[in-house]
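Got the viewer open? Let's take a short walk through this one, starting with the whole chain and then stopping at a single residue.

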Amino acid sequence: MVLLGETFPNFVADTQMGSINLHEWLDDSWGILFSHPNDFTPVCTTELARVLKLMPEFEKLGVKVIALSCNSVDSHRKWIEDIKAYAEMTDKEFPYPIIEDETRKLATLLGMLDPAEVDDRGIPVTARAVFIIDPAKNMRLSILYPATTGRNFDEILRVIESLQLTEKHKVATPVDWKAGDQVMIQPTVSDEEAKTLYNNIKIVPLPSGKPYVRVVSQPL
């Protein structure tokens, strides 16, 4: 199991786009690795179709996307036609690789297996895991969903926007934040330093009298 801030393990794996060395493939980009339980299943089809539609947004943020399941490359290739049809994008080439992990080697390494979900042989399959990896190859976020709950990839985009913003500026993004909304100055920034970094700082009055909620416009 990889912890936040740790180097994400490198590996070589087969995909429908050929063999991929993860770190070399990522190069200096941000990356998302996400797993799904099984090809040719309803919720998984909706998820990969949604990612297909969102690829222009991921590309704007400089994010590479790669998927994984315990199915074969041949299965992935055949299933991709269903994904494209569901997304109503049959005229497009499929833009991201899907890893073959029939041995469960990567799923075990990354803690992706769901003991409650098994294939027709009774062997556990991958849960709905999401890992966000930064350009330094460190894991910045992990989420694990059960097989019965599809993910919200708009939320994953929002998280990446927050991670990229807070990587560059000494701010934090509050609840339900979206790109362009106001942000908060990090507690580790002194009032003196904050005044040198940001204009129009708003301090939200609270019953405690402590001036710790400092709001500013999103830095560019």
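Start with everything selected. Keep in mind that this is a predicted model. Of the 220 residues of the chain, 45% count as buried. Turn on the cartoon view and you can look for 6 helices and 13 strands. Line the view up with the principal axes, and the C-alpha atoms fill a box of roughly 60 × 35 × 35 Å.

Next, switch on the surface. The accessible area is about 11600 Å², and carbon and sulfur atoms account for 52% of that. Now colour by charge: you'll pick up 23 positive and 32 negative side chains. The centres of those two sets sit 6 Å apart.

How do the contacts run along the sequence? Take those between residues at least 6 apart in the chain: 64% of them join residues at least 24 apart.

Time to zoom in. Select Pro-9, which you'll find in the segment before β1 (12-15). Is Pro-9 buried or exposed? Pro-9 counts as buried because its relative accessibility is 19%, and the cut-off for buried is under 20%.

What does Pro-9 touch? Leave out residues up to four places away in sequence, then show side chains for Val-2, Leu-22, His-23, Leu-109 and Leu-110: Pro-9 is in contact with each of these.

For a last stop, add Met-139 to your selection and draw a distance between its C-alpha atom and that of Pro-9. You should get 9.3 Å, although 130 residues separate the pair along the chain.

Definitions and conventions
Residues numbered from 1 in each chain as written. Predicted model: local features only at pLDDT ≥ 70, side-chain atom pairs only at ≥ 80, totals over all residues. Heavy atoms only, no water. Helix = DSSP H or I, 4+ residues; strand = E, 2+ residues; numbered from the N terminus. Buried < 20%, exposed > 50% of the residue type's maximum accessible area, 1.4 Å probe, protein only. Contact = heavy atoms within 4.5 Å. Areas by Shrake-Rupley, 256 points an atom, 1.4 Å probe, with all protein chains shown as cover. Lys, Arg positive; Asp, Glu negative; His and termini not counted. Charge placed at Lys NZ, Arg CZ, Asp CG, Glu CD.
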